[in-house]
Amino acid sequence: MKIHLPTYGQGVHEINQDLEAAELELDPAIFEQAVHAALRLDRHDPYFEFRIHLTAIAHAECDRCLEGFQLPLEVRAPLLFVAGHPPKGDDVDDTDIVYFKAGTTELDLSHDFRDLLILAYSGKHLCDENCKGLCPNCGANLNEHFCECAPN
Ligand SMILES: [Zn+2]
Ligand SMILES: [Zn+2]
């Protein structure tokens, strides 16, 4: 998602956009539906402070029963861009701040969004907290039917 800076004057702006997986270089088999980005930009030169709110429905497979299901994702994160060079000195290691060349007209947030969504998608996926999973003996999906195997 590209932000055309001259469009936004000093002050606070709300920016809403739907983004396709391809635009964010995400797997379209996982992100089948558009990702909704709601941004709040507070511009006070040279600072461009973003509050990011991303919502998406991702396709996931349950770790217990292996069934596919729709996993809602929600991410909130701040992003700070500063026009100009980083201050000189040894103690500049604040990786949360992105410096860009003064006079740049466009900021591309796509990679930041991609990283946030991949992080949100990582980890365990359960179709339901109470998913009963597969029978370790016969492989039946125990959410759908009981199998003949002895319990325990
Ligand atoms: Zn499951
Ligand atoms: Zn069984």
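What follows is a short exchange about a predicted model, covering its sheet, its helix and its core.

User: What makes β4 and β5 a pair of strands?

Analyst: Pairing needs at least two bridges between the strands. Strand β4 (residues 47–61) and strand β5 (residues 68–83) have 15 bridges, in the antiparallel sense. They therefore pair under that cut-off. One of the bridges joins Ile 52 to Ala 77 in β5.

User: What links β4 to β5, and which turn residue has a positive phi?

Analyst: The two strands form a hairpin, with six residues between them. Leu 66 in that turn has a positive phi of about 70°.

User: How do you know that β5 also pairs with β6?

Analyst: The cut-off is at least two bridges. β5 and strand β6 (residues 97–100) share four bridges, so they count as paired. This pairing is parallel. Phe 81 stands opposite Val 98 in β6, and Ala 83 has Phe 100 as its bridge partner in β6.

User: Why is the sheet called mixed?

Analyst: The pairing of β4 with β5 is antiparallel, while that of β5 with β6 is parallel. The five strands form an open sheet in the order β2-β3-β4-β5-β6, and its pairing is mixed. The edge strands are β2 (11–19) and β6, each of which pairs on one side only. From one strand to the next, the twist averages 25°.

User: How do you know that the span of helix α1 agrees with its number of residues?

Analyst: Helix α1 (residues 110–121) has twelve residues. At 1.5 Å a residue, taken over one less than that number, the expected span is 16 Å. The end C-alpha atoms lie 16 Å apart, so the span agrees. After α1 comes Gly 123, with a positive phi near 100°.

User: Where does α1 lie against the sheet?

Analyst: α1 lies across β3 (35–44), β4 and β5. It runs at about 140° to β5.

User: What makes up the largest nonpolar core?

Analyst: This core has 18 residues. Those with the most contacts inside it are Leu 24, Phe 31, Val 35, Leu 54, Ala 56, Phe 113 and Leu 117. β3, β4 and α1 are the elements that give two or more residues to the core. β4 gives the most, with five. Such cores have a general background: in soluble globular proteins, nonpolar side chains tend to be buried together.

User: Which residues is Ala 56 in contact with, leaving aside its neighbours within four places in sequence?

Analyst: Ala 56 is in contact with Phe 31, Val 35, Leu 73 and Leu 117. The cut-off for each contact is C-beta atoms within 7 Å.

Terms used:
Residues are numbered from 1 along each chain as its sequence is written. Chains are lettered from A and ligands numbered from 1 in the order in which they are written. This is a predicted model: local features need pLDDT of at least 70, side-chain atom pairs count only at pLDDT 80 or more; totals for chains, interfaces and linings use all residues. Axes are lines fitted to C-alpha atoms, for helices over the stretch in contact, and angles run from 0 to 180 degrees between N-to-C directions. Two residues are in contact if their C-beta atoms, placed from the backbone, lie within 7 Å. A nonpolar core is a set of buried Ala, Val, Leu, Ile, Met, Phe, Trp, Tyr and Cys residues joined through C-beta atoms within 7 Å. A residue is buried if 20 or more other C-beta atoms lie within 10 Å of its own, exposed if 12 or fewer, and partly exposed in between; C-beta atoms are placed from the backbone.
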